[in-house]
Amino acid sequence: MKSGLRFIGAASKMQLALLGATGKTGGELLKQALEEGHSVTAVVRDPAKITTAHDNLKVVKADVFDESSLAKPFADQDAVVSCLGFPRNPQPVTGYTESMKAIVGAMRNANIERIVTMTAWYTDTSVAPRMGFLANWVIVPILRPVLLGMFDMEKFLKEKCSDINYTVVRPPGLGSAPKTGLPMSVEEDYIVETGTSFNKTNRSDVAAFMLSCLKTSDYDQKMVAITTQKKLGS
């Protein structure tokens, strides 16, 4: 496994494999990573969906469910960042766990130990009553198949990946406003108790936080709920 990543300084440039770059959060993370001077390999199903052109960007077609397909894009990377998402269906969504099994296998083969990935609030659905009526009776029931799939993936990392330096970032509902630059509330929990059922954090802030996790050891092998702190008086 590559060493030293836990103590990367804020100015260090990394070689990053990015999964989910064609999604809204992944696209924002791609933009910010390039702005920070990192070299990014965007691992995608359809390269035509990446319209960004940059000297530090390489776009590679691969299957996130196939460990061998990830071998080439994972070569010589310092870390993996995943913003993969899968559509809701009536049954638990298995894409999160099945893709993570392939990703971790490919990481091991490529001697990569660091991954930052995202799920969501409420992956343990039993916490929903702590956030009130809307969360318990509307939000969580609608999202339950996705949340159960995310929870299964988190369990896989926790129980089967002691050799992997993972960080799981759990944001609430996602918005599309520009990056706020406001501090992030972070809890080693399935939610951040804000006193309201309706919570939203911009994808741009989530992307910035995920990148920041690569520059500190604070969140090594942790799963954290986050939300952007509100401005004073708002």
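Is Ser 99 buried or exposed, and at what relative accessibility? At 2% relative accessibility, Ser 99 counts as buried, because the cut-off for that word is under 20%. Please keep in mind while reading these points that the model is predicted.

1. Ser 99 and its surroundings. This serine lies in helix H3. Leaving out residues up to four places away in sequence, Ser 99 touches Val 64, Phe 65, Leu 84 and Phe 86. Gly 95 lies in H3 as well, and at 11% relative accessibility Gly 95 also counts as buried. With the same sequence neighbours set aside, Gly 95 touches Phe 65 and Phe 86. A helix of this kind makes a turn every 3.6 residues, so residues three or four places apart point the same way.

2. H3 as a whole. Eleven of the 15 residues of H3 are buried, so the helix is largely enclosed by the rest of the structure. Besides Gly 95 and Ser 99, the buried set includes Tyr 96, Thr 97, Met 100, Ile 103, Val 104 and Met 107. These buried residues of H3 pack against strand S1 (15–19), helix H2 (71–74), strand S4 (79–82), S5 and H4. The length of H3 raises no concern: at 1.5 Å a residue its 15 residues should span 21 Å, and the end C-alpha atoms are 21 Å apart, which agrees. After H3 comes Asn 111, with a positive phi near 60 degrees.

3. H4, which deserves a careful look. Helix H4 covers residues 133–160, and a straight helix of 28 residues would span 40 Å, yet the end C-alpha atoms of H4 are only 35 Å apart. Where does the kink in H4 lie? You will find it at Arg 144, shortly before the proline Pro 145, with an angle of about 70 degrees. I would point this feature out to anyone viewing the model.

4. What H4 packs against. The buried residues of H4 include Pro 145 itself, along with Val 146, Leu 147, Met 150, Met 153, Phe 156 and Leu 157. Also on the list of buried residues is Glu 154. Among the elements that cover them are helix H3 (95–109), strand S5 (114–118), strand S6 (165–170) and strand S10 (222–228). One pair across the two helices is Gly 95 and Met 153: they are 58 residues apart in sequence but 8.9 Å apart in space, C-alpha to C-alpha.

5. The sheet. Eight strands form an open sheet in the order S3-S2-S1-S4-S5-S6-S10-S8, with mixed pairing. Its edge strands are S3 (57–61) and S8 (184–187), each of which pairs on one side only. On average, neighbouring strands of this sheet are turned by 20 degrees against each other, direction ignored. At the S8 edge, S8 and S10 pair in the antiparallel sense over four bridges, and Met 184 stands opposite Thr 228 in S10. S4 and S5, by contrast, pair in the parallel sense over four bridges, with Val 81 opposite Val 116 in S5.

6. S5 and the helices across the sheet. Five of the five residues of S5 are buried, so this strand is largely enclosed by the rest of the structure. Both faces are covered: Arg 114, Val 116 and Met 118 are buried on one side, and Ile 115 and Thr 117 on the other. H3 lies across S1, S4 and S5 and runs at about 165 degrees to S5. Helix H1 (residues 24–35) lies across S1, strand S2 (39–44), S3, S4 and S5, running at about 165 degrees to S1.

7. Ser 39, in S2. This residue is found in strand S2. Leaving aside neighbours within four places in sequence, Ser 39 is in contact with Met 14, Gln 15, Leu 16 and Asn 56. Ser 39 and His 54, 15 residues apart in sequence, are 9.5 Å apart in space, C-alpha to C-alpha.

8. Cysteines. How many disulfides are there? The count comes to zero. The sulfur of Cys 83 is 11 Å from the closest cysteine sulfur, in Cys 213, so that pair is too far apart for a bond. Cys 161 has its closest cysteine sulfur in Cys 213 too, at 17 Å, again too far for a bond. Both Cys 83, with a relative accessible area of 9%, and Cys 161, with 0%, are buried.

Technical notes: Residues numbered from 1 in each chain as written. Predicted model: local features only at pLDDT ≥ 70, side-chain atom pairs only at ≥ 80, totals over all residues. Heavy atoms only, no water. Helix = DSSP H or I, 4+ residues; strand = E, 2+ residues; numbered from the N terminus. Expected span 1.5 Å × (residues − 1). Bend = angle between axes of the 7 residues up to and from the residue. Buried < 20%, exposed > 50% of the residue type's maximum accessible area, 1.4 Å probe, protein only. Contact = heavy atoms within 4.5 Å. Disulfide = S-S within 2.5 Å. Pairing = 2+ DSSP bridges. Axes fitted to C-alpha atoms, helices over the stretch in contact; angles between N-to-C directions.
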